Amino acid sequence: MTIILHSSKDDVQHKYYILGHALAQSSTYFRGCITAPRVSDKPLEIKLFDIEREAFEVYLKWIYTGRLFIRSLKTESAPVIDVEKQPERPSDLAWTEEWGRWGAAYALGQRLNDVDFKDACIDAAIEKLRQELRSARHVAQAIPNIIYTYSVDGSPARAFAVDLVLRQCTHADFEAIRKESAFPDFVGDLLVGTSKQFVMGMKQPDPLQGTNNCHYHEHSTVDAKCYKLKKAYWF
Ligand SMILES: [Zn+2]
């Protein structure tokens, strides 16, 4: 089948010729397109408007390889953060091109209704944060904006955002979140998370520790298998 990305801004199109079954296995959106009754015998053509080409190519590579490539082709050095200097918005410095690509990929997962891809994005974020612990506190302040935009109330991914902030952020960061967060749900979830720790005496989980991230994966909400168990059967 053919997928056409159409940019309304500059009226440019990019075409991809793809075997549909792998997309249908992973994305509810593509499954709907492929299984819908058709009037024509022509090969299926799906037009997607205003999707970032780069994010879509990250998605396609993930479909075919099971790996999420968000690193730039040119070598991107890790952000240098001067902790002494305390810039006004430290999260802006730590939110690199790679994290921008991660955010675009997560947003695309929501648009294509692909829970598996979104879960893989959460794993990729955890892995990246483990490798860049120095900037984890700053990135932790920006990640909730992406996750709360592209998930629904009760999503396990939201629990990841909350646990990350509770584990990595400082008192000053919480002040900034209170003033700047556009997501009242997030601030409320932080309050619930804090109460578990201080009122109920529960140990605050560290999302960057442990080997199984399934409690942060959305597949549990739709009672489906983890993408890690499914993917081997696709090809
Ligand atoms: Zn899982």
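**Group meeting: a walk through the predicted chain**

Let me start at D223, which sits in the loop that connects helix 10 (184–198) with helix 11 (227–230), where helices (H or I, at least four residues) and strands (E, at least two) are DSSP runs, numbered from the N terminus. This residue is not a glycine, and yet its phi is positive, at about 55 degrees. D223 counts as exposed because there are 6 other C-beta atoms within 10 Å; the scale behind that word calls a residue buried if 20 or more other C-beta atoms lie within 10 Å of its own, exposed if 12 or fewer, and partly exposed in between, with C-beta atoms placed from the backbone.

Before going on, I should say that we are looking at a predicted model, in which local features need pLDDT of at least 70 and side-chain atom pairs count only at pLDDT 80 or more, while totals for chains, interfaces and linings use all residues. Residue numbers start from 1 along each chain, as its sequence is written.

A second residue of this kind is D50, again not a glycine, with a positive phi of about 55 degrees. D50 lies in the loop between strand 3 (45–49) and helix 3, and it counts as exposed because it has 10 C-beta neighbours inside 10 Å.

Now to the overall layout. The chain holds 11 helices and three strands, and, read from the N terminus, its elements follow the order β-β-α-α-β-α-α-α-α-α-α-α-α-α. Of its 235 residues, 30% count as buried. If we take the contacts between residues at least 6 apart in sequence, 69% of them join residues at least 24 apart, a contact being two residues whose C-beta atoms, placed from the backbone, lie within 7 Å.

The sheet comes next. Its three strands form an open sheet in the order 2-1-3, with mixed pairing, and two strands are said to pair if DSSP finds at least two bridges between them. Strand 2 and strand 3 are the edge strands, each pairing on one side only. Ignoring direction, neighbouring strands are turned by 20 degrees against each other on average.

How many bridges join strand 1 (residues 2–7) to strand 2? There are six, and these two strands run antiparallel. Along this pairing T2 has Y17 of strand 2 as its bridge partner, and L5 stands opposite H14 in strand 2. Strand 1 and strand 2 make a hairpin with four residues between them, and D11 in the turn has a positive phi of about 55 degrees. On the other side, strand 1 pairs with strand 3 in the parallel sense over five bridges, and H6 has F49 in strand 3 as its bridge partner. As for burial, strand 2 (residues 12–17) is hardly covered, with zero buried residues among its six, and strand 3 is likewise hardly covered, with zero among its five.

Turning to the helices, the largest nonpolar core has 41 residues, and those with the most contacts inside it are Y59, L68, W102, A105, C121, I143 and A161. Helix 3 (53–65), helix 5 (97–111), helix 6 (115–131), helix 7 (133–149) and helix 8 (156–168) each supply at least two residues of this core. By nonpolar core I mean a set of buried Ala, Val, Leu, Ile, Met, Phe, Trp, Tyr and Cys residues joined through C-beta atoms within 7 Å. Once neighbours within four places in sequence are left aside, Y59 is in contact with A105, L108 and F117.

Helix 8 also packs against helix 10, at an angle of about 65 degrees and with the axes 10 Å apart; axes here are lines fitted to C-alpha atoms, for helices over the stretch in contact, and angles run from 0 to 180 degrees between N-to-C directions. The contact involves R158, V162, D163, V165 and L166 of helix 8, together with D189, L190, G193 and T194 of helix 10.

Let me finish with R167, which is also in helix 8. Why does R167 count as partly exposed? The reason is that it has 17 C-beta neighbours inside 10 Å. Leaving aside neighbours within four places in sequence, R167 is in contact with Q204, D206 and P207. The C-alpha atoms of R167 and D206 are separated by 6.2 Å, although the two are 39 residues apart along the chain.
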